[in-house]
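Thank you for asking for comments on this model. Please keep the sequence and the structure open beside this note, so that each residue can be found as it comes up.

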Amino acid sequence: MTKVLLIGSPNSGKSMLFNRLTGLSQKVANFPGITVDVASGKLQGMDDVYLVDFPGTYSLKAISAEEKVAVAQFEKALADADVEHVLCLIDATRLEKSLFFTLQVIRECELHDKPVTVLANMIDVLEANNLSIDLPALETAIHTRVLPISARSGKGLAEISEHIRATRTADRPRQRPHLTGTPDELLRGTAHQLAQRLGPRGDVLVRTQNRLDAFFLHSLTGGVAFFGIMYLLFQSIFTWSTPAMDAIEGSLAWIADRIVPLIGSQVLQDFTADALFSGIGAFLVFVPQIFVLTFVIGLLEDSGYMARATLICHKPLRYFGLTGKSFVPMLSGVACAIPGIYAARAVDSPRKRLLTYMAIPLMPCSARLPVYALLIAAFIPGDTFLGGLVGWQGLAMFGIYFFGMLMALIITGVVSRARKDQFDDLPFVLELPPYRLPGVKPLLRNAFNRAKHFVVKAGKIIFTVTLVVWVLGYFPNFGADLGQSWLGHLGRLIEPLFAPLGLDWRYGVAILTSFLAREVFVGTLGTIFGIEGAEENMVPLVEQIQNSDLTVASGLALLVFFAIALQCVSTMAILSKEARSGTLALKMFGAYFVLAYVAAFLVYQVATLF
């Protein structure tokens, strides 16, 4: 199998280029020990050639743990006999930074006799600003072919495939080394000289970025813009995903009405209606919200705003014992706590890394989203105002997300002041990428893959738990009386624990099973309510909760409980591994459960008064 490696610096447009070159024929894996995606796929028009997309790195002299593993894997790949070519992507608008990394790549490829082709991306941006690069002179200077491309517009992409095909068929002479043994200091100097002599003239791009930064990084307008953008993010979770959610709900109900009556066995019929359509179906309804959340976050990342948000958050995070570098792991925790914990390796200070570990499980991860969406849809009116721009459910979602983040900051702030041990910190250094219009197709594909991965990963657990819950709730009386089933007896054993929150045994069982994974809460409730009356309302779990005895006060208490409690076995396992302390994970589990219970109890009491 022939392989072609694609490597480049972060923010160089590498992911967009990879998606264009491979289309949909790609798969995503991980290097051992890290959660950085490594994608591979067949080159379009060349089914026997696989393109391997390596994580972006600023230098082959890596600093962070992720970069070190990625660089080591790249050097290992160069020794692979199946690797025939290396594509090194550079940002034509930031030539000096890109050239230093490129010269390092050429030096490594010379050691392994691998041909390199440099791809000068974002040529369209230069042309739009009447700027240019002397590409022929650059080719001569670095002794490497340079192709001008635009991953966004597709310009020059056909030439890439043609060039790779030509290098495979031609008798390639051995590459003449000219950088072997050259130290990084000389490479950096060479990159500077080449950029000054051959790079684009003028400061048009810098002045454009500075004007936007003057607004987004201003102490007043930057803060207002940050909260406005974050609010729109959570508002969109409801407004954009509602049509898809309604479509899935209606489709599941339509399919159930036609399939269930065709099943001859009463037990199998009840299982299909109660467990599959009411249990698993209730979870699938909320998948569009995962898709929308991932898509909007991708928009913020690719536009260049996310780095500005990191810079904005640095100063306030320092007050709570964290650093601006904690923002990225914490933001990763919004998708899932596990990649957030892995990303905390980038936090250099052991003290701040520990505090970041403590903050990440409180981030409102996507596994909590179905729970939030279910409870908010059940108890918060769906009314909107200001022309549909603002809605009560969007405000509630923003509020519960903000509450989780606020609790994370409060806890880390208290712990950082209680522990007086100090560690030396490295300076806070952050690259601000240029503002760009994101590519919609790659973001849609990434959001689809994330939603699919979430369903596949969570679906196995939900199916297993749903099967167990259905068996316990259906037998020994074949669903005649849920309260007298095995599940009913189990629920009443734990009911006293949750009774102070106004929750009966059904919700206690759902909370208990959610410790395997938070999203199981929805599937468990769907199965329980399905056994009670799936033939009347097979999928819309929201309506069944509204018709039950659950009060608004208990619903708010549940929201607060799930916002704080550490209810994920996988997160605890990864935390124990990364922190090298199983005791830390157990302490956090116990402390967050107690805190969540107390906070939920207080909210229930206050809400009951009103």
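The numbered points below go through one helix, the pockets and cavities, the aromatic rings and a few details of the backbone.

1. A word of care comes before the rest: this is a predicted model, and the values in this note were computed from it.

2. Helix α10 is a good place to begin, since its length can be checked by simple reasoning. The helix runs over residues 242-259, which makes 18 residues, and at 1.5 Å a residue these should span 26 Å. The C-alpha atoms at the two ends are 26 Å apart, so the expected span and the one in the model agree.

3. Which residues of α10 are buried? They are M245, L252 and A256, and because they cover an arc of only 35° around the axis, they lie on the same side of the helix. On the other side of α10 one finds P243 and W254, which are exposed.

4. I259 also belongs to helix α10, and with a relative accessible area of 38% this residue is partly exposed, because that value falls between the limits of 20% for buried and 50% for exposed. Between I259 and Q269 there are 9.0 Å in space, taken from C-alpha to C-alpha, while in sequence the two residues are ten apart.

5. The second largest pocket holds about 690 Å³ of space. Its lining is made up of 27 residues, and F226, F227, C313, F327 and L409 are the ones closest to its centre. Two or more lining residues come from each of α9 (221-239), α12 (287-303), α13 (305-319), α14 (327-335) and α18 (392-418), and the largest share, seven residues, is given by α13. Sorted by class, the lining of this pocket has 25 nonpolar residues, one polar residue and one charged residue.

6. How many cavities of 30 Å³ or more does a search of the whole structure find? The search finds one, and the volume of the largest cavity is about 30 Å³. Its lining consists of I7, F54, P55, T57, L60, A70, V71 and F74, with helix α2 (residues 65-78) giving the most, namely three residues. Seven of the lining residues of the largest cavity are nonpolar, one is polar and none is charged.

7. The aromatic rings deserve a separate look, and there are 16 aromatic pairs in the structure. One of them joins F226 and F227 in an edge-to-face arrangement, with 5.6 Å from centre to centre and 85° between the planes. The two partners are not equally accessible: F226 counts as buried, at 12% relative accessibility, whereas F227, with a relative accessible area of 45%, is partly exposed. Both residues were met above among those closest to the centre of the second largest pocket.

8. W470 and Y474 form another aromatic pair, this time stacked, with 4.5 Å between the centres and 20° between the planes. The two residues are four apart in helix α19 (residues 440-474), and they are therefore separated by about one helical turn. W470 counts as buried at 4% relative accessibility, and Y474 counts as buried at 3%. Ring pairs also link W470 and Y474 with F271, F475 and W486 into a cluster.

9. What is the form of the peptide bond from F475 to P476? This bond is cis, with omega near 10°, and P476 has its place in the loop between α19 and α20 (486-498). F475 is thus a residue to look at twice, as it is also a member of the ring cluster described in the previous point.

10. Two residues other than glycine should be checked for their positive phi. M122 has a phi of about 70° and sits in the loop between β6 (116-121) and α4 (123-128), where it counts as buried at 6% relative accessibility. H143 has a phi near 55° and is found in the loop between α5 (135-142) and β7 (145-148); at 42% relative accessibility, H143 counts as partly exposed.

Methods
Residues are numbered from 1 along each chain as its sequence is written. This is a predicted model: local features need pLDDT of at least 70, side-chain atom pairs count only at pLDDT 80 or more; totals for chains, interfaces and linings use all residues. Side-chain values use heavy atoms; hydrogens and water are left out. The expected span of a helix is 1.5 Å times one less than its number of residues. Buried means under 20% relative accessible area, exposed over 50%, partly exposed in between (1.4 Å probe, protein chains only). The arc is that of the directions from the helix axis to the C-beta atoms. On a 1 Å grid over the protein atoms alone, a cavity is a set of points where a 1.4 Å probe fits but cannot get out, and a pocket is an open set with protein on both sides within 12 Å along at least five of seven lines; lining residues have an atom within 4 Å of a point. Grid points are joined across faces, edges and corners, and a volume is the space filled by probe spheres set on the points. Ala, Val, Leu, Ile, Met, Phe, Trp, Tyr, Cys and Pro count as nonpolar, Asp, Glu, Lys and Arg as charged, and the others, Gly among them, as polar. Rings of Phe, Tyr and Trp (its six-membered ring) pair if their centres lie within 6.5 Å; planes under 30 degrees apart count as stacked, over 60 as edge-to-face and the rest as tilted.
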